[in-house]
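I opened the notebook to look up one helix and one strand, and to record what surrounds each of them.

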Amino acid sequence: MAQFYVDGYQPGDPFTAEPHPATRDRPAGLPDTVDVLVVGSGPAGSVLAAQLAAFPELHTLVVDRRDGPLEVGQADGIACRSMEMLEAFGLAGRVAEEAYRVNEVTFWRPDPERPAHVTRTGRIPDVEEGLSEMPHLIVNQARILAFLREYAARSAARLAPRYGLQLDDLRIEDTGEHPVVATLRDGAGTTSTVRARYAVGCDGARSRVRTAIGRELRGDSANQAWGVMDVLVDTDFPDIRLKSAITSSSGSLLIIPREGGYLVRLYVELDGVPERGTVTPETLTGAVNRILAPYTLDVRDVGWWSVYEVGQRLCDRFDDLPDDRSGRVPRVFIAGDACHTHSAKAGQGMNVSMADGWNLGWKLGAVLRGTARPELLHTYSAERQQVAQELIDFDREFAALFSDHSGGADPSVFQRYFRDHGRYTAGFGVRYGPSTITAAVPQQDRAKGFEVGARFHSAPVVRLADAKPMHLGHVARADGAWRLYLFADRDGAGLRALADRLAVLLPRFTPDGAAPDAVIDVRAVFPQHHHEPVDLPAVVRPRKGALQLVDHEKVFCADLSDDVFDRRGIDRDGAMVLVRPDQYVAHVLALDEDEALEAFLDGALRRR
């Protein structure tokens, strides 16, 4: 939820920030040195840039070999978890307004009585009830990148990609404040050298950054190909506006309705890996009609089409270190397709890539700002490589099952698999293991519904100050701050006693001159109705900005028609839930465990 005017009223668009003073002296051309060099502005690079825009004093340079922004094609599915992430950037509403919402999935298999024809064998909800307040949406990847690009450009960092720049070479030197040396070449062949404190390769499956640090994608070579088309069609197929998985004796087809009411994406199974140039929109349309028989489909317009080869490949690490015991912190990272590739049918590629960018972005910002220890950067490869390995394993099984179009296969098998793995495809399969930023021994019984290592599962609350019904998770912005949610005990005495101790503890991790919630943002949730009197401690009513105004929006009460304490299994004696800047639960503690909280924070953050 946006807040503004904290430093005084300013007319105009409140969502366009004043430029940070650090931006004034930056050159119009390429700089000699930067804090972070991001190579590639696809999903991973765009989210990374948007997150780093929350640290406007840092100099971030984003370069892309393309001549301009992506306009059409490529990925399309926005998982529920990604929508939760986009809400933190204030973009979920805009995406939802434009996108197609996936509500149900239908399944088609050969008709037992007429094997050459397909028949509908099942229909299920696309997303399990209660999994998220956010929907599964379909919208062109180019639009998501445009929203993120606009967000970064309107930030105080005034961050925008530099197009038409190819990375020629990248190396790491042993000394100096900016040890990463990159050689960039423009379209005219002119080369420039930029030195960076850190660099991130978000430059796709043929990543030059990955090659420069000696990493290699390993795994299955391509043994199958799929065609993909965004088309406007005339058809008698009844489920053309529903997500549909069709498997026939002639092959497999995945139908994904697109935004706008008319456009549809078709993923068409091809026979092996065809020779280049042998596949056209016409040959793909012919394959679609063979699979859909007895129904027919007439393509009236092709917006975009391509062929992709199926192969699951993965890097063993996502940074430049030989291992975490090398005695130094990483300087170069890779994200997205640069370090993991797989099929598109599970809809995970763009979503996992964006999560890579967010995981790394807040960590780089915190280390460069000096609020976190440099060792925090070890957790990026450890966390995201494991997530990618799980994706590869899932995708291999999912792709094989999808392509099983033998007439004798049980039609319920794939439907059951799809349903049982719905949490994973919605983006909720991630569970980060114990580390410096994920507690090993939490008081999990204090808040059973906020599983440590999993994403913070939002729930309805009522904001005390203005009686606004809202989702608790939506208070978190992508600003690099940790969230400490205090769920009050029955009479509030335990919370008030804790608040007095937090008033001493939290400033130890907050830099001089920073807002009191810049590093750790404290929110309180009380179990009673919002009309009942509440004694509010100062820690949840901080004074902020040049005018030292009170922030009234940090206190909530349970929505008694859908009580967050009951829904998330929160102990009525109260609990603390500490949440990382990327919305994953770091720790759960009792209200009297402030010493344990301090010890945990000491492992992740730097004291003032």
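I looked first at what the buried residues of α4 pack against (contact meaning heavy atoms within 4.5 Å), and I found α1 (43–52), β3 (77–78), α2 (80–88), α3 (92–98) and α7 (349–369). The model is predicted, with local features needing pLDDT of at least 70 and side-chain atom pairs pLDDT 80 or more, while totals for chains, interfaces and linings use all residues. Residues are numbered from 1 along each chain as its sequence is written, and side-chain values use heavy atoms, leaving out hydrogens and water.

I then listed the buried residues of α4 (under 20% relative accessible area, 1.4 Å probe, protein chains only), which are Q141, A142, I144, L145, A146, F147, L148 and A152. At the start of α4, I noted a side-chain oxygen of N140 within 2.9 Å of the backbone nitrogen of A142. I also checked the length: the 14 residues of α4 (141–154) should span 20 Å at 1.5 Å a residue, and the end C-alpha atoms, 20 Å apart, agree with this.

I turned next to β14 (residues 243–248), where six of the six residues are buried, so the strand is largely enclosed by the rest of the structure. K243, A245 and T247 point one way, and S244, I246 and S248 the other; in a regular strand the side chains alternate between the two faces of the sheet.

For its neighbours, I recorded that β5 (residues 104–110) runs parallel to β14 and is joined to it by four bridges, with I246 the bridge partner of W108. β15 (residues 251–257) pairs with β14 in the antiparallel sense over five bridges, I255 being the bridge partner of S244, and a hairpin of two residues joins β14 to β15.

How values were computed
The expected span of a helix is 1.5 Å times one less than its number of residues. Buried means under 20% relative accessible area, exposed over 50%, partly exposed in between (1.4 Å probe, protein chains only). A polar contact is a pair of N or O atoms within 3.5 Å; within protein, one must be able to donate a hydrogen and the other to accept it, and residues adjacent in sequence count only if both atoms are side-chain atoms. Two strands pair if DSSP finds at least two bridges between them.
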